[in-house]
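User: I'm new to this structure and would like a close look at one small part of it. Could you pick a spot, walk me through it, and then show me how the rest is laid out around it?

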Amino acid sequence: TDVYYKGNTDKALPITAKVTYTLDGVTDSLENLIGKSGHLTVTVDLTNNETGTVTVNGKERTVVTPLITAVGVIFGQDAAKSSVAAFVCLPGVKDSLDGLLPDDLSTVEDYLQDSVTVEADVENLTAPQVMLACATNADALGTNAFDLSSLNELTDGISQLNDAMNQLMDGAAQLVDGASQLA
């Protein structure tokens, strides 16, 4: 009863993320940090690729489509014992508004971050999961994405997604085994 479509595109994703891992002050690839212990810093730098040019006060400016982006970082293999950090960002909006807001609203830019950082003390590090979801309005991410209760709903949803992915992987393994037996 399900319909699936798989296609290819050469268009860039609307939001791209660069994830950097630093353990005890040393930045390295995740592969080299697996199994180690210490103070881990995970930085997710977001880039908004939905840009355009507009004229404001006679000057051309680069602006972005304001994509509300939810970022979740999950530490731990077991969903029941995992630690989750969730954030909501508007990547690229700060640069789009640079110099346009009146002085009494200029502090708004402090909340328009393009990156998030999560720190944790880890033992025998396993790969953290980094999940992103973006939309042009908060309704697509859930009711009022800026409400703390909705962030809790997001983390619950991420945990459910994690469980579903584990079930999907188990099902795929069973499918491979069944196909081998059939062959």
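Analyst:
**A close look at T41**

Let's start with T41, which counts as buried because its relative accessibility is 17%, and the cut-off for buried is under 20%. Keep in mind as we go that this is a predicted model. T41 sits in strand β3. If you set aside the neighbours within four places in sequence, T41 is in contact with T20, Y21 and T22, and also with T117, V118 and E119.

To see where those contacts come from, look at the sheet around this residue. Four strands make up an open sheet, lined up in the order β2-β1-β3-β8, with antiparallel pairing. At the edges are β2 (26-28) and β8 (115-122), each of them pairing on one side only. Going from one strand to the next, the twist averages 25°. In that order, β3 stands between β1 and β8. The contacts of T41 fit this picture: T20, Y21 and T22 are among them, and strand β1 covers residues 15-23. T117, V118 and E119 are also contacts of T41, and β8 spans 115-122.

Now follow the β8 side. Strand β3 (residues 38-48) is joined to β8 by eight bridges, and the two run antiparallel. One pair you can pick out is H39, whose bridge partner in β8 is D121. The two faces of β8 are worth a look as well: V116, V118, A120 and V122 lie on a covered face, while S115, T117, E119 and D121 lie on an uncovered one. T41 touches residues from both groups, since T117, V118 and E119 are all on its contact list.

On the other side of β3, the residue to look at is T22, which is placed in strand β1. T22 is buried too, because its relative accessible area is 18%, and that is under 20%. Beyond four places in sequence, T22 is in contact with T27, H39, L40 and T41. T22 and T43 are 21 residues apart in sequence, yet their C-alpha atoms are 8.4 Å apart in space. T22 also stands opposite T27 in β2, and the antiparallel strands β1 and β2 are joined by three bridges. That gives you a trail across the sheet: T27 touches T22, and T22 touches T41, which in turn touches V118.

**Stepping back**

Here is the wider chain. Its secondary structure comes to three helices and nine strands, and along the sequence they follow the pattern β-β-α-β-β-β-β-β-α-β-β-α. Of the 183 residues, 28% are buried; T22 and T41 are in that group. Many of the contacts reach a long way along the sequence: of those joining residues at least 6 apart, 63% link residues at least 24 apart. The chain exposes about 12,200 Å², with carbon and sulfur atoms supplying 52% of that area.

Away from the T41 sheet there is a hairpin made of β4 and β5, with two residues between the strands; N57, in the turn, has a positive phi of about 50°. β4 (residues 51-56) and β5 (residues 59-64) pair over six bridges in the antiparallel sense, and G52 has V63 in β5 as its bridge partner.

There is also an open sheet of three strands, in the order β7-β6-β9, with antiparallel pairing. β7 (83-89) and β9 (129-135) each have a single partner strand, so one side of each is left without a neighbour in the sheet. The twist here averages 15° from one strand to the next. Strand β6 (residues 68-75) pairs with β7 over seven bridges, in the antiparallel sense, and V71 is matched with F87 in β7.

What about the cysteines? C89 counts as buried, at 5% relative accessibility, whereas C134 is partly exposed at 33%. A search of the whole structure finds zero disulfides.

Last, a word on confidence. The mean pLDDT of the chain is 80, with 76% of its residues at 70 or more. Confidence is highest in β2, at 97, and lowest in helix α3 (residues 148-182), with a mean of 62. Over residues 143-148 pLDDT stays under 50, and the model has eight contacts there beyond four places in sequence. Where pLDDT is low, the predicted coordinates shouldn't be read in detail.

Note on methods:
Residues are numbered from 1 along each chain as its sequence is written. This is a predicted model: local features need pLDDT of at least 70, side-chain atom pairs count only at pLDDT 80 or more; totals for chains, interfaces and linings use all residues. Side-chain values use heavy atoms; hydrogens and water are left out. Two strands pair if DSSP finds at least two bridges between them. Axes are lines fitted to C-alpha atoms, for helices over the stretch in contact, and angles run from 0 to 180 degrees between N-to-C directions. Buried means under 20% relative accessible area, exposed over 50%, partly exposed in between (1.4 Å probe, protein chains only). Contact means heavy atoms within 4.5 Å. Accessible areas come from the Shrake-Rupley method with a 1.4 Å probe; for residues, only the protein chains shown count as cover. A disulfide is a pair of cysteine sulfur atoms within 2.5 Å. pLDDT is the predictor's confidence in each residue, from 0 to 100.
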